[in-house]
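User: Could you teach me how to read a helix and its packing? I would like the general idea and then the case at hand.

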Amino acid sequence: MKRNWTLIRVLLEQIEKETLVEFLSERPYESQYTEKEVYGHLEILFHSDILAGGEVTRDAIGRFWAPAIDGVYITMSGHDLLDCLRDKPVWERIKGSGLY
């Protein structure tokens, strides 16, 4: 899976608005992202301490299942990241580098 900064920004904004559970259950992202990409990005955000209060788990063959996301919140470093992603010059640099 390739890191996608646009998806990271979307996920952080959903968590900030306290709408992640609905976002994941209603799946408005399906036209742009696979379920594997969404849960994979949540997993790396937990592992990098951007998110806390939940977890994404995998079964024996690597499929995502039973995410514990009801109590998820953005950490202080996560808020700093989201602020950077919202900063227009920073976002333009990310887009210009092909990393989004």
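Analyst: Let's go through one helix, its packing and one of its residues. This is a predicted model, where local features need pLDDT of at least 70, side-chain atom pairs count only at pLDDT 80 or more, and totals for chains, interfaces and linings use all residues. Residues are numbered from 1 along each chain as its sequence is written, and side-chain values use heavy atoms, with hydrogens and water left out.

User: What does helix α3 reach from its first C-alpha to its last?

Analyst: Helices are DSSP runs (H or I, at least four residues), numbered from the N terminus. The expected span is 1.5 Å times one less than the number of residues. Helix α3 covers residues 35–47 and reaches 18 Å, close to the 18 Å expected.

User: At what angle do α1 and α3 pack?

Analyst: Two packed helices are described by the angle between their axes and the distance between the axes. Here α1 (residues 5–16) meets α3 at about 75°, with the axes 10 Å apart. That makes the two helices roughly perpendicular (65 to 115 degrees). The contact (heavy atoms within 4.5 Å) involves residues including Leu11 of α1 and Leu42 of α3.

User: Is Glu43 buried or exposed?

Analyst: Buried means under 20% relative accessible area, exposed over 50%. Glu43, found in α3, is buried at 13%. Its side chain makes a polar contact with the side chain of Arg58 at 2.7 Å; such a contact is a pair of N or O atoms within 3.5 Å, one able to donate a hydrogen and the other to accept it.

Note on methods:
Axes are lines fitted to C-alpha atoms, for helices over the stretch in contact, and angles run from 0 to 180 degrees between N-to-C directions. Angles under 35 degrees count as roughly parallel, over 145 as roughly antiparallel, 65 to 115 as roughly perpendicular and the rest as oblique. Buried means under 20% relative accessible area, exposed over 50%, partly exposed in between (1.4 Å probe, protein chains only).
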